[in-house]
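I opened this notebook to record what I looked up, going from the whole chain down to single side chains.

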Amino acid sequence: MAATAPPSPLIPTLTPPETASLRNPIFARIRIAYSSDAPLLHKLIYQLAAYHRLTHLFSSTESSLSATLSNSEPFQSITIFLLEVSPTPFPDVPVGYEPPITRILNLDLPIVDPESQEFGSDGEAVVVGFVLFYPKYGMLLGKAGFHVAGLYVRECYRKKGFGKMLLSAVAAQAVKMGYGEVEWAVFSWNVNAIGFYQKMGAEFHEQTTICRLALDALQACGSLS
């Protein structure tokens, strides 16, 4: 009598890696901001001013933002990249001047956004942050570049890769246009931002001091001519 064959080993059912790894996916999109985005941008810029303790200088209005964006050709003047997220994929359709940049991020935990209603954008999309930049010329480098005037990510979305996405988008556009640099300023007390920029490979010129003429001082200096 032949021996009974041993039972077949149990083969566990495995979830495909791409499915198993996306336990908390979030879909992100970076696009150029237009005049219709002025109300949301105005709120974001105010939050940026509050974070930098500069609300006493905040005089921007929705109307001024809308007018600026209406009269600015992207990448040739003031440009704003707007970052949105959604629990579902964004439609694969062109949005304005340039095709948007889309990513899928896998988070350890879902994000609880207490301001999701206030910053709702399109459908299920929510605005997360922005970066504002414009062309400059590097006199010593002999090449054009971009100056980043402001980069901001709302608090509940920080330290999840969104700031890196925004800054990388500006750098990629600079490379695409043959520019030589992207520069910006950072407050010396903002150690979190400094650490982030160091990880991005930024150089720091600590001997440089930013000078500014604004409001009455600007008027007074202009009258000297």
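The entries below concern a predicted model and take up overall form, then the core, then one arginine.

Entry on the fold. I counted six helices and six strands in the protein chain, and reading along the sequence I noted the order α-β-α-α-β-β-β-β-α-β-α-α. For the radius of gyration I found 23 Å, where a compact globule of 225 residues would have a value near 17 Å, and the C-alpha trace spans about 115 × 40 × 35 Å along its principal axes. Buried residues make up 32% of the chain, and of the contacts between residues at least 6 apart in sequence, 74% join residues at least 24 apart.

Entry on the core. The largest nonpolar core has 45 residues, and I noted that Leu 41, Phe 81, Phe 130 and Phe 162 touch the most other members. Elements giving two or more residues to this core include strand S1 (25–32), helix H2 (38–51), strand S4 (126–138) and helix H4 (162–176). Leaving out residues up to four places away in sequence, I found that Leu 41 touches Ala 33, Leu 65, Leu 69, Ile 80, Leu 82 and Phe 130.

Entry on Arg 154. Is Arg 154, which I located in the loop between S5 and H4, buried or exposed? I classed Arg 154 as buried because its relative accessible area is 0%, under the 20% cut-off. Its contacts beyond four places in sequence include Leu 44, Gln 47, Asp 113 and Phe 119. The side chain of Arg 154 makes a polar contact with the side chain of Glu 115 at 3.1 Å, and a polar atom of the Arg 154 side chain lies 3.0 Å from the backbone oxygen of Val 127.

Methods
Residues numbered from 1 in each chain as written. Predicted model: local features only at pLDDT ≥ 70, side-chain atom pairs only at ≥ 80, totals over all residues. Heavy atoms only, no water. Core = buried A, V, L, I, M, F, W, Y, C linked by side-chain atoms within 4.5 Å. Buried < 20%, exposed > 50% of the residue type's maximum accessible area, 1.4 Å probe, protein only. Helix = DSSP H or I, 4+ residues; strand = E, 2+ residues; numbered from the N terminus. Contact = heavy atoms within 4.5 Å. Polar contact = N/O pair within 3.5 Å; in protein donor to acceptor, adjacent residues only side chain to side chain. Rg over C-alpha atoms; globule rule 2.2 N^0.38 Å.
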